[in-house]
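Visitor: I should like a close look at the side-chain contacts, taken pair by pair. Please keep to the contacts and state each criterion as it arises.

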Amino acid sequence: MFLGRIRRTPSAPVELVALRDGGLVSLADLGTDDPVALLNSHGLSRLSEEVAARRPVLDEAAVVFEPPVATCTKICCLALNYVAHAEESGMEVPPEPVLFFKPPSALTGHNRPVIAPARTSHLEHEVELAVVIGKVTRDLPAERWREAVAGYTVVNDMTARDLQLVNIGRNVPWDQSKGFDTFAPAGPYLATVDEVPDPQALELTLEVDGEVRQRANTKQMVFGIPRLIADLSDGMTLMPGDLIATGTIAGIAPLKDGDTMRATVEGIGTLVNTVKFRSA
């Protein structure tokens with residue numbers, strides 16, 4: 001099942017929908033616009049039956065997408081989690097997961113613009129598989145990792161590379177280069193766990209105006225999802241709706257004003273966003 005959050009017009013209330021038969025099934029009458037909360041209250045089987053009993057009433061092309069999580073306290077991001085990306089960055093593969101954060105204010109939806117602030121002139125894309133946390137999770141052993149997961153989505157970890165490199169050179173934190181508004185496009189949907197039997201065997205691709213720039217498979221992660229959830233929840237509480245962006249693959253490259261990015265994770269969806277530079 002694929003659950004999304006949309007507005008019928010830019011100013012309309014947020015509405016929960018499910019993708020079925022090429023159209024969108026409205027779930028607005030179920031009393032929440034939070035996919036994770038609805039999964040927790042109804043359960044996957046019951047909610048699947050609810051969706052199957054309804055007819056699609058909306059067209060994807062006619063709605064405004066919001067991020068597929070209604071509540072998110074943090075976006076946990078992994079750096080250098082693919083060997084080829086570490087190599088292209090001129091950095092060593094880390095012996096332990098390297099974590100940084102994006103604020104929830106960085107989230108934006110499918111078909112929404114990514115707006116680079118005037119202070120940067122070098123913006124780059126980073127396609128990633130994101131895990132959506134489904135319950136309050138702390139100190140969870142790696143072998144029980146599935147208990148924490150509500151589903152998966154696509155994230156494009158936008159980076160002001162010029163600002164990041166300056167801060168790396170100064171040996172100071174570089175979170176700001178990752179955390180501007182709209183720098184965490186996510187969606188279009190939350191794909192529930194039944195849609196993704198093995199999240200460690202998914203093709204990742206990113207195209208810019210039809211040119212394939214990034215392509216690899218999640219099986220190439222240095223640290224897989226069980227290890228990441230165990231590591232992140234060790235002493236830190238993961239909350240429902242939190243995202244774990246599991247790292248990008250090789251092929252990062254600069255973007256220009258007006259470029260359209262298509263970030264795809266096999267079996268989960270394609271996230272489309274266009275770049276806008278404020279200085280352009």
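Guide: In this predicted model, E211 is partly exposed, at a relative accessible area of 44%. Its side chain meets that of R213 in a salt bridge, with 3.7 Å from N to O. A salt bridge here is a side-chain nitrogen of Lys or Arg within 4 Å of a carboxyl oxygen of Asp or Glu. R213 is partly exposed as well, with a value of 21%. These words follow relative accessible area: buried is under 20%, exposed over 50%, and partly exposed in between, for a 1.4 Å probe and protein chains only.

Residues are numbered from 1 along each chain as its sequence is written. The model being predicted, local features need pLDDT of at least 70, and side-chain atom pairs count only at pLDDT 80 or more, while totals for chains, interfaces and linings use all residues; side-chain values use heavy atoms, with hydrogens and water left out.

A search of the whole structure yields 19 salt bridges. One of them joins R8 to E15, whose closest N and O atoms are 2.8 Å apart. The two partners fall into separate classes of accessibility: R8 is partly exposed, with a relative accessible area of 41%, whereas E15 is buried, with a relative accessible area of 9%.

The next pair leads into a network. R161 and E126 form a salt bridge in which the closest N and O atoms are 2.7 Å apart. R161 belongs to helix α4, and E126 to the loop between β9 (123-124) and β10 (127-133), so the contact ties together parts that are 35 residues apart in sequence. Helices (H or I, at least four residues) and strands (E, at least two) are DSSP runs, numbered from the N terminus. Is this bridge set between buried or exposed residues? R161 is buried, at 9% relative accessible area, and E126 is buried too, at 3%. Both residues also take part in a network of salt bridges that links K102, E124, E126, D157, R161 and K178.

From charged side chains we pass to rings. The search of the whole structure finds 3 aromatic pairs. Among them are F65 and Y189, an edge-to-face pair with 5.7 Å from centre to centre and 85 degrees between the planes. F65 lies in strand β4 (residues 64-66) and Y189 in strand β13 (residues 184-192), so this pair ties together parts that are 124 residues apart in sequence. Rings of Phe, Tyr and Trp (its six-membered ring) pair if their centres lie within 6.5 Å; planes under 30 degrees apart count as stacked, over 60 as edge-to-face and the rest as tilted. Each of the two rings belongs to a buried residue: F65 has a relative accessible area of 1%, and Y189 has 3% relative accessibility.

A further aromatic pair is that of F180 and F183, whose ring centres are 5.3 Å apart and whose planes stand at 80 degrees, so this pair is likewise edge-to-face. F180 is buried, with a relative accessible area of 14%, and F183 counts as buried at 0% relative accessibility.

Taken together, the pairs can be read by their surroundings. The bridge of E211 and R213 has partly exposed residues on both sides, whereas R161 and E126 are both buried. The ring pair of F65 and Y189 likewise has two buried members.
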